[in-house]
Amino acid sequence: MTEATVRERPKHLAIWQIHFPLPAIVSILHRISGAGLFLFLPFLICLLDKSLLSSDSFEGFRAVIAHPLAKLVLLGLLWAYLHHFCAGIRYLFLDIDKGLDLPCARKSAVAVVIVSLSLTVVIGGVLW
C-alpha cells in the first residue's frame, strides 16, 4: 500500500456519530425491550396482585394506575412488549432463512417499527 491510501485510525470511537442501519436499530431495541420487560416484571406482578387481592386493594390499584407517570410507564411497557413480539416474529422468519436478502430485511425492519408503534398508539389510546 502506498502512503496515500493509508488513513490514520481514530484514537477513540465516537459512538454518536455512527449511523446504524434500521435492522441494527431494531435488533438493539429488541434487546432493550426484552431487558426492560424483564426488569419491570416485579412491578407488573405487584400490580396484578394488588388488583386481585380484594376490592379495597383494587381501588388502590386504580389509584396507582390513574397517576400520569404510571400511565407513561405502562405505555412504555406496552411498546416494549409489542416491539419485542413483532421483532421476535421477524427473527423467527430469519431463523428459517426467510427474508435474509438485504431489501427484504430492511422492509421487515420497517414493518416491525411501523406495526409496533401503530399497535402501541391504538391499544394505548383505548386503554388511556
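Q: How do the residues of the lining of the largest pocket divide into nonpolar, polar and charged?
A: In this predicted model, the lining has eleven nonpolar residues, one polar and one charged. Leu counts as nonpolar and Lys as charged. Among the lining residues closest to the pocket centre are L74, L75, L78 and L127, together with K71. By that rule the four leucines fall in the nonpolar class and K71 in the charged class.

Q: What is the space in the largest pocket, and how many residues line the pocket?
A: About 300 Å³ of space lies in the largest pocket, and 13 residues line the pocket.

Q: Which elements give two or more residues to the lining of the largest pocket?
A: They are α4 (68–95) and α5 (102–127). The most comes from α4, with six residues.

Q: Why are α1 and α5 called oblique to each other?
A: Helix α1 (residues 22–39) packs against α5 at an angle of about 45 degrees. Angles under 35 degrees count as roughly parallel, and 65 to 115 as roughly perpendicular. The angle of about 45 degrees fits neither range, so the pair is oblique. The axes of α1 and α5 lie 8 Å apart, and the crossing is left-handed.

Q: Which residues in α1 and α5 meet?
A: From α1 they are L22, P23 and V26. From α5 they are A105, R106, A109, V110, V112 and V113.

Q: What makes one residue of this contact charged?
A: The contact of α1 with α5 has eight nonpolar, no polar and one charged residues. Arg counts as charged, therefore R106 is the charged residue here.

Notes:
Residues numbered from 1 in each chain as written. Predicted model: local features only at pLDDT ≥ 70, side-chain atom pairs only at ≥ 80, totals over all residues. Heavy atoms only, no water. 1 Å grid on protein atoms, 1.4 Å probe; cavity = no way out; pocket = protein on both sides within 12 Å on 5 of 7 lines; lining within 4 Å. Points joined across faces, edges and corners; volume = space filled by probe spheres on them. Helix = DSSP H or I, 4+ residues; strand = E, 2+ residues; numbered from the N terminus. Axes fitted to C-alpha atoms, helices over the stretch in contact; angles between N-to-C directions. Parallel < 35°, antiparallel > 145°, perpendicular 65-115°, else oblique. Left-handed = near helix turned anticlockwise from the far one by under 90°. Contact = heavy atoms within 4.5 Å.
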